[in-house]
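Student: I have a model open on my screen and would like to learn how to read it, one feature at a time. Could we begin with a loop residue and work outward from there?

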Amino acid sequence: MALYADLHRHLGGSVVPRILWRYFQRHDEQLAQRFPDYYKFEEFYTRERSSLDEYLELHTLVESVQTVKTLPYFIYRLIRGAYIFENLAYLELRYTPYYRTAHDLSQHERIEQMGTIVEIVGKASQVKEYPMITSQILCMHTRLPYEVNKAIVDLAASRRDYVCAVDIAGGDSHVRERLDEFIRLYQYARSLGIKTTGHLFETVNGCYPELLPYLMRIGHGIQIPLKYPELLKEVAQLNQCLEICPTTYLKTGTLEDLSELKIVFERCFEAGVDIAICTDNAGLHNVRLPFEYENLLTQNIIDFAQLEACQDAAFRHAFAWPYQQRPASLLTGLLQETYLDDHSSKPLLTL
Ligand SMILES: [Zn+2]
């Protein structure tokens with residue numbers, strides 16, 4: 001039995017359309033009136049966008065309803081779905097805590113409230129009936145000032161019980177104007193011993209080799225094998241894993257067709273660069289992790305052996321997975337033993 005790890009999933013984009021729409025109907029009159037019909041809402045919510053920036057605007061719709069009060073509601077349903085439908089044993093959930101704080105507070109008060117948000121998310125992610133290992137990645141954001149982003153790094157350092165790493169989100173093209181600042185923030189995170197990933201090399205406008213030395217994993221990174229294959233050697237040497245989220249590139253208009261990923265996988269395998277296949281925004285896309293796997297197989301982008309290599313890599317590069325092996329190898333032994341015991345004890349089967 002295979003159990004999976006998802007290393008790249010946004011809290012905002014993880015709410016499936018049905019859950020979000022039902023939440024509007026039950027709790028938000030204004031949004032319920034804006035979207036009276038479920039299927040029209042689903043169409044609006046999951047349709048392809050023309051750019052990464054336009055796509056990211058959708059996050060603000062979900063962020064506006066994910067508050068101190070409602071986060072447990074959404075996270076419970078997220079964990080339940082991930083356990084029941086996706087066979088996840090491990091999940092790293094990422095978000096910008098500042099955007100879950102109350103908008104009417106001052107910047108200072110909102111920074112203070114971020115700690116409460118981390119705690120709420122951490123507690124809500126531990127659901128007794130759906131056990132899996134979860135951890136949080138806190139995203140700095142290209143729209144936030146330096147003080148807030150630095151406070152996000154400090155929060156990651158002070159809540160290692162819930163937080164495993166930091167990231168930069170908000171569209172990779174916007175990193176350019178403050179590149180030095182983000183390099184400093186990543187240097188600071190590494191100096192505190194915090195693990196790092198970053199949304200980079202996702203689009204052609206978001207490629208910053210200067211930031212690469214500070215990252216332990218790369219959020220997306222598909223433009224490295226596509227446009228800068230000469231960097232792959234360094235990526236392999238630094239043992240950086242690419243977090244590839246196939247459906248995203250279609251929804252953001254970054255790729256026209258999934259087949260364009262074939263060369264991404266080929267070049268990475270050839271260079272010895274690990275890839276973890278991830279969902280990014282499983283709810284927003286309405287595509288769960290096993291379907292990401294299946295799509296790549298049926299479209300002949302990777303084969304089964306390569307898929308398994310990526311699934312192994314996900315556990316190897318997971319920031320908070322506490323074991324040496326992935327769970328499949330532990331379970332396989334258990335299931336085979338039970339099978340043999342069972343069958344050797346039944347005379348009928350020995351005929
Ligand atoms: Zn992402």
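Tutor: Happy to. With 10 C-beta neighbours inside 10 Å, N300 counts as exposed, because the cut-off for exposed is 12 or fewer. Keep in mind that this is a predicted model.

Student: Where does N300 lie in the chain?

Tutor: N300 sits in the loop that runs between α14 (289-298) and α15 (304-317). Its backbone deserves a look too. The general idea is that most residues other than glycine have a negative phi. N300 is not a glycine, yet its phi is positive, at about 60 degrees.

Student: What is the phi of D280?

Tutor: D280 has a positive phi of about 70 degrees, and again the residue is not a glycine. D280 belongs to the loop between β9 (275-277) and α13 (282-285).

Student: Is D280 buried or exposed?

Tutor: D280 is buried, since 28 other C-beta atoms lie within 10 Å and 20 or more is enough. So a residue in a loop can be buried, as D280 is, while N300 in its own loop is exposed.

Student: Which other loop residues could I practise on?

Tutor: Try S50, in the loop between α3 (38-46) and α4 (52-63). S50 has 9 other C-beta atoms within 10 Å and is therefore exposed. Its C-alpha atom is 23 Å from that of L20, with the two positions 30 residues apart along the chain. P322 is another case, placed in the loop between α15 and α16 (327-344). P322 has 7 other C-beta atoms within 10 Å, so P322 is exposed.

Student: And what about a residue inside a helix?

Tutor: L58 is in helix α4. With 19 C-beta neighbours inside 10 Å, L58 counts as partly exposed. The C-alpha atoms of L58 and T46 are separated by 9.6 Å, and the two residues are 12 apart along the chain.

Student: Which helix holds I117, and is I117 buried or exposed?

Tutor: I117 is part of helix α6 (residues 107-125). It is buried, with 25 other C-beta atoms within 10 Å. Setting aside neighbours within four places in sequence, I117 is in contact with V68, P97, R100 and T101. Take P97 from that list: 20 residues separate P97 from I117 in sequence, and their C-alpha atoms are 6.4 Å apart.

Student: How do I describe two helices that pack together?

Tutor: Two packed helices are described by the angle between their axes and the distance between the axes. Here, helix α5 (residues 71-86) and α6 pack at about 35 degrees with their axes 9 Å apart. The crossing of α5 over α6 is right-handed.

Student: Which residues make the contact between α5 and α6?

Tutor: On the α5 side they are L71, P72, I75, Y76 and I79, and on the α6 side I120, V121, A124 and S125. By class, that contact has 8 nonpolar residues, 1 polar residue and no charged residues.

Student: Where could I try this on a second pair?

Tutor: Look at helix α7 (residues 146-158) and helix α8 (residues 179-191), whose axes come within 10 Å and cross at roughly 20 degrees. Angles under 35 degrees count as roughly parallel, so α7 and α8 are roughly parallel to each other. The crossing is right-handed. Y146, N149, K150 and V153 of α7 meet E181, L185, Y188 and A189 of α8. By class, this contact has 5 nonpolar, 1 polar and 2 charged residues.

Student: Now let us zoom out. How many helices and strands does the chain have?

Tutor: The chain has 16 helices and 9 strands. Its C-alpha trace spans about 75 × 50 × 40 Å along the principal axes.

Student: What does the radius of gyration say?

Tutor: A compact globule of 351 residues would have a radius of gyration near 20 Å, and the chain has 21 Å, so the two agree. Of those 351 residues, 45% count as buried.

Student: And how far along the sequence do contacts reach?

Tutor: Count contacts between residues at least 6 apart in sequence: 74% of them join residues at least 24 apart.

Definitions and conventions: Residues numbered from 1 in each chain as written. Predicted model: local features only at pLDDT ≥ 70, side-chain atom pairs only at ≥ 80, totals over all residues. Axes fitted to C-alpha atoms, helices over the stretch in contact; angles between N-to-C directions. Helix = DSSP H or I, 4+ residues; strand = E, 2+ residues; numbered from the N terminus. Parallel < 35°, antiparallel > 145°, perpendicular 65-115°, else oblique. Left-handed = near helix turned anticlockwise from the far one by under 90°. Contact = placed C-beta atoms within 7 Å. Nonpolar A, V, L, I, M, F, W, Y, C, P; charged D, E, K, R; others polar. Rg over C-alpha atoms; globule rule 2.2 N^0.38 Å.
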